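User: Please take a close look at one strand of this model and the surroundings it belongs to. I would like a connected account rather than a list.

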Amino acid sequence: TIGLGAVNPKPSRARSRQRPIYVSCGGISFGIFCYFYTMTALSTLSDIIQLYRQELTGYYPREETGNICFLAAEQLLNYSKIDFHLKAQEPISEEIDERFRGILERLKNWEPIQYILGITTFYGLPFRVDRSVLIPRPETEELVQWIVRDEGRIPAKIVDLGTGSGCLAVALALNIAGSDVSACDISREAL
């Protein structure tokens, strides 16, 4: 048996199937592998939203899936909420499509979207996050709001022990004028 084969580069946006074809002639047999390509159209954000909703059913509530998809579009496409809705039918590049799908796979492994994107918003400010820090909770945001509202008129000395991402210290420093804010953490990775 003699094996022959030829491979052409896979076209962009194609799915391939490999099928062997065997030929016998005069006692000699050989096989050829043929590759069949199916071209796919460019994805749109609407396609991605639908894919996320289908694939993440059972992982997240439907509304949260939409929010997760928006956070990914905000990061990958630099889309605002308005862009997210107005540009939903525009094609996205293959690279961006693959990144959306990579995010989806990580979400299906229960990895938080904030860790996947490496960023979260706290009190209207962007913060870098990874597994070395906790993701800021809405309750902590309420704490900042309460401190700023009730104590924010007087400059203060503030110490944030176990600061993690630094969100609490930074939000208070920016919202209480004249305050002296210190933050520390035992974890070098967090800092």
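Analyst:
**Strand β4 and its surroundings**

Side chains alternate along β4: T120 and F122 point to one face and are buried, whereas I119 and T121 point to the other face and are not buried. In a regular strand, side chains alternate between the two faces of the sheet. The model is a predicted one, and the values below are computed from it.

The partner of β4 is strand β5, residues 125-128; the two run antiparallel and are joined by 4 bridges. Within this pairing, I119 stands opposite R128 of β5. The hairpin formed by β4 and β5 has 2 residues between the strands, and Y123 takes a positive phi near 55° there.

β4 also takes part in the largest pocket. This pocket has a volume of about 330 Å³. Its lining is made up of 17 residues, and those nearest the centre are L71, I119, T120, T121 and F122. Both sets of the alternating β4 side chains are thus named here: the buried T120 and F122, and I119 and T121 on the other face. β4 gives the most to the lining, with 4 residues. At least two lining residues each come from α2 (62-77), α5 (113-117), β4 (119-122) and α6 (138-151). By class, the lining of the largest pocket holds 9 nonpolar, 5 polar and 3 charged residues.

Helix α2, one of the elements in that lining, also contains L77. Leaving aside residues up to four places away in sequence, L77 touches A72, I92, I96 and F100. For one of these contacts, I92, the C-alpha atoms of the pair are 8.9 Å apart, with the two positions 15 residues apart in sequence numbering.

The second largest pocket encloses about 210 Å³ of space. It is lined by 13 residues, with L134, P136, G162, T163 and C167 nearest its centre. That lining divides into 6 nonpolar, 5 polar and 2 charged residues. C167 counts as buried because its relative accessible area is 7%, under the 20% cut-off. C184 has a relative accessible area of 37% and is therefore partly exposed. A search of the whole structure finds 0 disulfides.

C184 belongs to β7 (180-184), and A190 lies in the segment after that strand. A190 is buried, because its relative accessibility is 13%. Not counting residues up to four places away in sequence, A190 touches S132, V133, G164 and D185. A190 and D130 are 60 residues apart in sequence, yet their C-alpha atoms are 8.4 Å apart in space.

As for the setting of β4 in the whole chain, the secondary structure comes to 7 helices and 7 strands. From the N terminus, the order of elements is β-β-β-α-α-α-α-α-β-β-α-β-α-β. The chain has 191 residues, of which 33% count as buried. Among contacts with a separation of 6 or more, 51% are between residues 24 or more positions apart.

To return to the strand itself, β4 pairs antiparallel with β5 and supplies 4 residues to the lining of the largest pocket.

Technical notes. Residues are numbered from 1 along each chain as its sequence is written. This is a predicted model: local features need pLDDT of at least 70, side-chain atom pairs count only at pLDDT 80 or more; totals for chains, interfaces and linings use all residues. Side-chain values use heavy atoms; hydrogens and water are left out. On a 1 Å grid over the protein atoms alone, a cavity is a set of points where a 1.4 Å probe fits but cannot get out, and a pocket is an open set with protein on both sides within 12 Å along at least five of seven lines; lining residues have an atom within 4 Å of a point. Grid points are joined across faces, edges and corners, and a volume is the space filled by probe spheres set on the points. Ala, Val, Leu, Ile, Met, Phe, Trp, Tyr, Cys and Pro count as nonpolar, Asp, Glu, Lys and Arg as charged, and the others, Gly among them, as polar. A disulfide is a pair of cysteine sulfur atoms within 2.5 Å. Buried means under 20% relative accessible area, exposed over 50%, partly exposed in between (1.4 Å probe, protein chains only). Contact means heavy atoms within 4.5 Å. Two strands pair if DSSP finds at least two bridges between them.
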